[in-house]
Amino acid sequence: MTIAPSLSPVPQQGSWQSHPAEIVSILEEIETVSTYRMRFRDPELARSYRFKAGQFNMLYVPGCGEVAISHSGPPDSDTGDFLHTIRVVGRVTEAIRALEVGETLGVRGPFGNPWPLETYRGRGFDVFLVAGGLGLAPLRPVVYQLLKERDHYGRIGLLIGARSPSMLLYSEEIRAWESSGIEIQRTVDRADQDWHGSVGTVPLLIDRLRGVRLDRTAMFVCGPEVMMHYSAQSAIRLGLDPSAIWVSMERNMQCGFGHCGHCQWGSLFLCKDGPVVRWDSAFSKMRVRDL
Amino acid sequence: MTPIHLGNNSDATSTSSKSSSNHTQDRNQWPHGFLPKEQFPAFIDLLNQSFDEVIGPRVDQGAIVYDAIRSASELPHGWTDVQSPGVYRLERKSSIDDSRTDHSCEEEYFGYNVGPHSWKKYLFPPLTTLMKSKKTTDGWQMEMTAEPIKRRVLLGVRACELAAIAIQDKVFLTSGTVDPIYQTRRNHLLIIAVNCTQAASTCFCTSMNSGPECRSGFDLAMTELSDGFLVEVGSDAGQTIFESLKLRTVTTDEIDRGRTRRARAVEQITKRMNTDGIRDRLLSQLENPHWNDIASRCLSCANCTMVCPTCFCSSVDEVHALTDDEIVRQRRWDSCFNVDISHLSGGPVRDTIRSRYRQWLTHKLATWIDQFDTSGCVGCGRCITWCPVGIDLTKEVATLCEESS
Amino acid sequence: MKSKPKIAIIKFASCDGCQLTLLDAEDELLAIADAVDLAHFAEASSRLDAGPYDVAIVEGSITTEEDRLRLLRLRQECRWMVTIGACATSGGIQALRNFADHEEFIRAVYATPETIHSLATSTPIASHVRVDFELRGCPVDKSQLLEVLSSLIAGHRPRTSTESVCQPCKRKGTVCVVVAQGIPCLGPITQSGCGSICPAFDRGCYGCFGPTVQPNMAGHSQGVLLPRMSERDAVNLLRGFNAAAPSFQQESVRLWQITQTRDSTR
């Protein structure tokens with residue numbers, strides 16, 4: 001019979017098969033945002049499941065639907081647990097919010113291009129992470145990995161922006177990171193009376209960076225699109241090459257492997273060609289409205 | 001005739017991927033034969049005996065659609081169609097045929113042009129079940145559903161449609177992830193192509209280099225003459241069938257008549273699209289004001305994407321049964337013309353008809369090339385005919401790109 | 001809503017057809033009765049419990065002052081309000097009065113017009129109170145209604161597709177009646193949900209499920225209706241069960257004005 005082109009021997013990159021995972025614990029982070037610790041019910045899968053910083057899972061509440069959520073926990077946990085930090089923004093996240101510890105949901109993944117740590121590892125690069133709001137969640141696995149492989153990198157900076165001090169994610173953990181040698185800077189749009197730090201948007205923190213080794217620095221940016229846009233502009237003004245700047249894009253991911261068409265952004269299927277995209281590729285598309 | 005057994009291998013991959021790759025180079029090494037019209041009904045019967053389903057053209061709802069064909073009498077013998085932007089009319093062939101044919105007013109089985117259906121519905125079904133979840137005392141259990149295997153014949157596949165299948169093969173089989181539903185259906189297919197001997201006013205396959213002559217991707221290809229069919233083999237499976245038919249060899253006259261008829265299709269194609277550098281030309285026009293003009297006419301109804309043989313967008317719905325705790329995930333054809341397709345928590349990314357039409361056209365003709373190393377358009381003209389307001393993409397491309405120079 | 005939600009089905013100006021859709025769901029009715037506390041469902045039971053309710057499923061439009069006040073009270077008594085059907089979501093066929101002088105209608109129709117006290121317009125529920133979810137259709141589609149109920153029972157916010165009638169139509173394999181038969185059809189600008197029934201029987205869509213999210217009304221009139229029918233007929237087609245849905249209404253008024261301008265210049 002007419003045969004389909006020879007099928008590649010590479011293992012299946014993605015599938016519609018969801019696997020039941022149990023909610024092991026729930027940590028309320030800030031208003032409407034919680035971190036869920038999950039574990040696959042199938043012990044074999046729990047043991048073998050691996051992901052890289054920047055990748056996402058499709059979380060599934062049967063009867064309600066799926067939602068793409070980035071990993072926010074350590075990439076190489078031996079416990080088989082993985083973390084997702086989720087803000088309630090729509091139907092599915094509302095339904096996840098209604099779940100309790102011990103209940104199950106479906107998980108497919110991991111999907112997507114990770115942050116390009118392998119490109120910079122062991123080459124003495126400085127890495128700056130720039131997070132806006134919940135954009136810190138997909139960057140947290142990077143922090144874990146950088147700390148674990150501290151010797152392979154130079155200076156590590158984390159610039160965080162939030163709407164207000166009470167909206168700063170992972171605040172306690174950040175203090176611990178600070179004491180293990182990560183340069184942390186925070187800024188808020190609106191200060192309260194206890195706030196003594198910077199007020200303003202994240203790009204301002206980039207503008208103020210000093211001593212950046214222009215040929216030895218990578219910057220990973222995650223947050224609202226407009227924040228990523230201005231952050232990249234600031235970084236370029238500072239002298240960074242667009243190819244050293246990476247952003248994580250949000251689009252309507254549904255299948256996770258480039259078949260359903262929802263997440264297209266120009267020629268990219270952001271579910272598999274992203275979500276992490278190099279700025280020189282992202283810039284031309286971000287300039288086009290409604291692309 | 002006794003039913004043909006093509007072996008019980010569902011995985012014919014190993015045998016025929018080789019032969020199909022040889023095919024394009026050594027096309028003339030495959031045998032040709034002549035199937036007289038009198039024997040054609042028996043051939044359809046044989047196919048029905050040998051396969052679970054023979055899908056072919058038939059007249060229904062005022063058009064020629066693709067559906068199960070049990071006998072040759074169900075084929076649209078003597079029917080043809082007249083098409084223009086937004087208009088399709090079924091006609092008796094005798095009423096419009098012209099003097100250029102070798103036998104004018106000849107009633108043919110395949111004397112029509114591509115219609116509202118495409119073969120896509122048999123490979124990438126419009127609605128299909130993906131997964132089932134069951135609530136147990138120990139939480140949700142989830143398993144993929146599998147559909148029963150059906151061995152199908154696609155009868156009457158045109159060159160542009162072979163090209164469309166080759167494009168969806170890239171999307172669903174070789175772009176990194178294999179779609180198991182598509183793969184299973186694809187691997188159990190016998191493709192009998194038919195060379196076009198006429199064209200509609202909406203056809204432009206010559207511009208897309210996808211027709212009108214069938215060159216590869218089939219098991220058998222036929223050219224209809226007044227008294228029979230020239231039959232050409234395109235694969236090992238096709239060869240097996242060819243041998244069982246015990247056809248006589250073709251005469252020089254028959255070869256000439258076939259060539260004349262195929263040439264008639266080429267002559268009748270009047271629509272053109274300039275594809276030279278089309279990717280860059282279109283992508284340099286993303287802010288062209290003409291998109292607004294198109295948006296004033298486009299209804300964003302998605303008909304073009306539904307009839308397109310290569311469009312592949314889909315969404316998944318949850319289907320409950322109230323009576324138990326079972327949930328089914330069902331995949332359906334979706335479209336870039338739907339507001340919801342680009343939904344984000346902050347609202348849709350493409351919130352205007354302008355941006356959605358632009359997405360469709362630039363994807364089809366430009367970014368598709370980046371993604372799959374081929375255009376997403378095969379020039380079948382369905383989106384032109386079946387657009388209820390008759391938007392013609394070739395005209396829009398010409399306007400968009402002309403304003404650049 | 002993990003415990004059994006207390007549900008009331010409440011009617012305003014309507015034909016009861018949408019409620020009947022629920023009674024029509026014979027196979028599922030027992031399961032529904034089991035999963036929810038049906039506190040008020042006059043079509044099915046003599047039990048008519050007073051509020052508060054978890055969910056009020058509302059049928060019908062607002063056509064009298066009395067109903068308007070009853071609706072305001074109901075909104076106070078329910079946590080969730082789901083409106084079902086063309087009457088509740090756009091004013092229904094009775095909104096045809098919105099295009100004319102209703103006093104004149106009353107005088108023409110009723111023997112004792114002075115006993116009739118109705119509002120000049122028929123308006124959808126959402127014009128008066130906050131509505132959490134609208135289910136379109138004249139009548140509503142049984143499977144969509146069951147999806148909504150299942151979601152409510154599971155405690156999820158319901159969702160229905162916003163695509164055009166054309167899409168389920170093409171997925172079913174129906175051949176476009178506009179293109180193949182020249183029949184005027186509201187499908188391209190009408191929201192799906194009905195199962196695209198009419199084109200499958202060689203009829204154009206009547207728009208029972210109301211306009212799509214972003215209907216190109218003028219483009220549709222220009223490209224689909226007017227090449228195949230007069231402006232006057234197009235006005236009548238748009239003034240059906242969803243005549244007062246804003247985009248249908250605006251377009252029918254626009255087309256009507258075109259006919260008036262032409263008549264006056266003649």
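The following dialogue walks through some features of a predicted model, from domains and chain contacts to helix packing and backbone angles.

Biologist: I would like to begin with chain B; into which domains is chain B divided?

Modeller: In this predicted model, chain B is divided into domain 1, covering 13-268, and domain 2, covering 278-402, and the C-alpha centres of these two domains of chain B lie 26 Å apart. Across their contact, 37 residues of domain 1 of chain B meet 33 residues of domain 2 of chain B.

Biologist: Which element gives the largest share of the side of domain 1 of chain B that touches domain 2 of chain B?

Modeller: The elements that give two or more residues to that side are β6 (127-136), α5 (159-172) and α7 (205-208) of chain B, and the largest share, nine residues, comes from β6(B). Sorted by class, this side of domain 1 of chain B has 20 nonpolar, 11 polar and six charged residues.

Biologist: How should I read the domains of chain C, and how many residues does each give to the contact?

Modeller: For chain C the domain assignment gives domain 1 (6-154) and domain 2 (166-265), with C-alpha centres that lie 26 Å apart. The contact takes 16 residues from domain 1 of chain C and 13 residues from domain 2 of chain C; on the domain 1 side, helix α4 (residues 85-90) of chain C gives the most, with three residues. That side of domain 1 of chain C divides into six nonpolar, eight polar and two charged residues.

Biologist: Turning to contacts between chains, how many residues of chain B are in contact with chain A?

Modeller: The size of an interface is often given as the accessible area lost when the parts come together. Here I can offer residue counts: 60 residues of chain B are in contact with 43 residues of chain A. Several elements of chain B give two or more residues to this side, including α1 (13-25), β12 (314-320) and α13 (353-372), and by class the side of chain B that touches chain A has 25 nonpolar, 27 polar and eight charged residues.

Biologist: How are two packed helices described, and at what angle do the axes of α11 and α13 of chain B cross?

Modeller: Two packed helices are described by the angle between their axes and the distance between the axes. In chain B, the axes of helix α11 (residues 290-297) and α13(B) come within 8 Å and cross at roughly 105 degrees, which means that α11(B) is roughly perpendicular to α13(B). B:Trp291, B:Asn292, B:Ile294 and B:Ala295 in α11(B) meet B:Ile353, B:Arg354, B:Tyr357 and B:Arg358 in α13(B), and the residues of this contact divide into five nonpolar, one polar and two charged.

Biologist: Which peptide bonds and phi values should I look at in the backbone?

Modeller: Most residues other than glycine have a negative phi, and most peptide bonds are trans. Against that background, the peptide bond from A:Gly109 to A:Pro110 is cis, with omega near -5 degrees, and A:Pro110 lies in strand β6 (residues 104-111) of chain A. The bond from B:Gly211 to B:Pro212 is also cis, with omega near 5 degrees, and B:Pro212 lies in the loop between α7 and β10 (220-224) of chain B.

Biologist: And is B:Ser300, with its positive phi, buried or exposed?

Modeller: The phi of B:Ser300 is near 55 degrees, and B:Ser300 sits in the loop between α11 and α12 (303-307) of chain B. B:Ser300 is buried, because 28 other C-beta atoms lie within 10 Å, where 20 or more are required.

Notes: Residues numbered from 1 in each chain as written. Chains lettered and ligands numbered in written order. Predicted model: local features only at pLDDT ≥ 70, side-chain atom pairs only at ≥ 80, totals over all residues. Domains from an automatic or database assignment. Contact = placed C-beta atoms within 7 Å. Helix = DSSP H or I, 4+ residues; strand = E, 2+ residues; numbered from the N terminus. Nonpolar A, V, L, I, M, F, W, Y, C, P; charged D, E, K, R; others polar. Axes fitted to C-alpha atoms, helices over the stretch in contact; angles between N-to-C directions. Parallel < 35°, antiparallel > 145°, perpendicular 65-115°, else oblique. Buried ≥ 20, exposed ≤ 12 C-beta atoms within 10 Å, placed from the backbone.
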